Amino acid sequence: MSDRSAPRPEARSAPAVLASVPWIVVLLGVGLLAVLLVFALLSLRGPEHPAAPEPAPPMYLPRMPSVTSSATAPADAPVVAVDTTPSRTATATPSPRASIRRPAATPSTRAPAPAGSGRVSAHYQATSSDRDSFSAQLTVRNTTGEAREWRVELLFTGNVKSIRASSSSGLSVRTQGSGWFVLSGTSPLPAGESAVVSLTFGRSGSGDQPGQCTVNGADCTIG
């Protein structure tokens, strides 16, 4: 009895399947529409272009100071003028020996310095004479208050050729030309002292007195 009254499982599930069929169709239709919509959107957009890369940031290089051939001095700097011309160096070169022009033997017009005037004076005196030579004596006096150098110049005419001189106080003799002789002491003459020089001259004519006699530039006495 109980077996007849119980419903069959297969009989109950068939109406349920039939009731869910419309929803399946609806879901399939919606899915198909969604696929068509996606396809339409993709076809309308076209191919996508790759995005352009962003430009790199600019690079700033350090600026080097400009180098010029000449530097500009500050406004308050002192200006120094430089001479660019080549300088000439003075070089002492020995000059050729010039011929010495002997002054004419003329009588001196200056008055001789008197002895005892506070200066160096000289006196020339001929002592002996022969045909080829003559002798004389030269006396140099220092009447100043201190030791002094002395220099005597004797100038004869062209007939006097040579000289020999001697003195106990030290003597230097030089020849400046024919008949032109320079005598000087080798040391200063002390104050109040005298230097006596013995002279012997060689000659080819006559005459035993110089045409000019000076001591330290002043005339000496001749007699």
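Strands (E, at least two residues) and helices (H or I, at least four) are DSSP runs, numbered from the N terminus. By that rule Gly-177 has its place in strand S5, residues 171–177.

Before going further, a word on how to read the values. This is a predicted model, in which local features need pLDDT of at least 70 and side-chain atom pairs count only at pLDDT 80 or more, while totals for chains, interfaces and linings use all residues. Residues are numbered from 1 along each chain as its sequence is written, and side-chain values use heavy atoms, with hydrogens and water left out.

**The sheet**

Let us start with the strands. Two strands pair if DSSP finds at least two bridges between them. Five strands make up an open sheet with mixed pairing, in the order S4-S7-S2-S1-S10. S4 and strand S10 (221–222) are at the edges with a single partner strand each, so one side of each has no neighbour in the sheet. In general, the strands of a sheet pair through backbone hydrogen bonds, either parallel or antiparallel.

You can walk through the sheet from the S4 edge. Strand S4 (residues 160–167) pairs with S7 in the antiparallel sense over seven bridges, and Ile-163 has Phe-201 in S7 as its bridge partner. S7 also pairs with strand S2 (residues 133–142), antiparallel over nine bridges; here Val-140 stands opposite Ala-195 in S7. Strand S1 (residues 120–129) then pairs with S2, antiparallel over nine bridges, with Ala-126 opposite Ala-136 in S2.

**Thr-139 in S2**

Thr-139 is a handy residue to click on, as its place is in strand S2. Is Thr-139 buried or exposed? On the scale used here, buried means under 20% relative accessible area, exposed means over 50%, and partly exposed lies in between (1.4 Å probe, protein chains only). Thr-139 counts as buried because its relative accessibility is 9%. Contact means heavy atoms within 4.5 Å. Leaving aside neighbours within four places in sequence, Thr-139 is in contact with Ser-121, Ala-122 and His-123, and also with Ser-194, Ala-195 and Val-196.

**Arg-203 in S7**

Arg-203 belongs to strand S7, residues 194–203. Lys and Arg count as positive and Asp and Glu as negative; His and the chain ends are not counted. A salt bridge is a side-chain nitrogen of Lys or Arg within 4 Å of a carboxyl oxygen of Asp or Glu. Which side chain of opposite charge is nearest to Arg-203? That is Asp-130, 5.2 Å away; Arg-203 is buried yet has no salt bridge.

Backbone oxygens do come within reach of Arg-203, though. A polar contact is a pair of N or O atoms within 3.5 Å; within protein, one must be able to donate a hydrogen and the other to accept it, and residues adjacent in sequence count only if both atoms are side-chain atoms. The Arg-203 side chain reaches the backbone oxygen of Gly-207 at 2.8 Å and that of Gly-205 at 3.3 Å. Beyond its neighbours within four places in sequence, Arg-203 is in contact with residues including Asp-130, Phe-134, Asn-159, Lys-161 and Asp-208.

**Salt bridges**

As a general point, side chains of opposite charge can pair when their charged atoms come close. How many salt bridges are there in this model? The count comes to three, listed here with the relative accessible area of each partner.

| Acidic partner | Basic partner | N to O distance |
|---|---|---|
| Asp-132 (44%, partly exposed) | Arg-131 (69%, exposed) | 3.8 Å |
| Glu-146 (47%, partly exposed) | Arg-148 (33%, partly exposed) | 3.2 Å |
| Glu-153 (22%, partly exposed) | Arg-151 (33%, partly exposed) | 3.2 Å |

Two of these names link back to the previous section: Asp-132 and Arg-131 are both among the contacts of Arg-203.

**The disulfide**

The structure holds one disulfide, a term that stands for a pair of cysteine sulfur atoms within 2.5 Å. Cys-213 and Cys-220 are joined, with 1.8 Å from S to S. Both Cys-213 and Cys-220 are buried.

**Back to Gly-177**

Finally, we return to the glycine of the opening. Gly-177 counts as partly exposed because its relative accessibility is 24%. Gly-177 and Leu-155 are 22 residues apart in sequence, and their C-alpha atoms are 9.4 Å apart in space.
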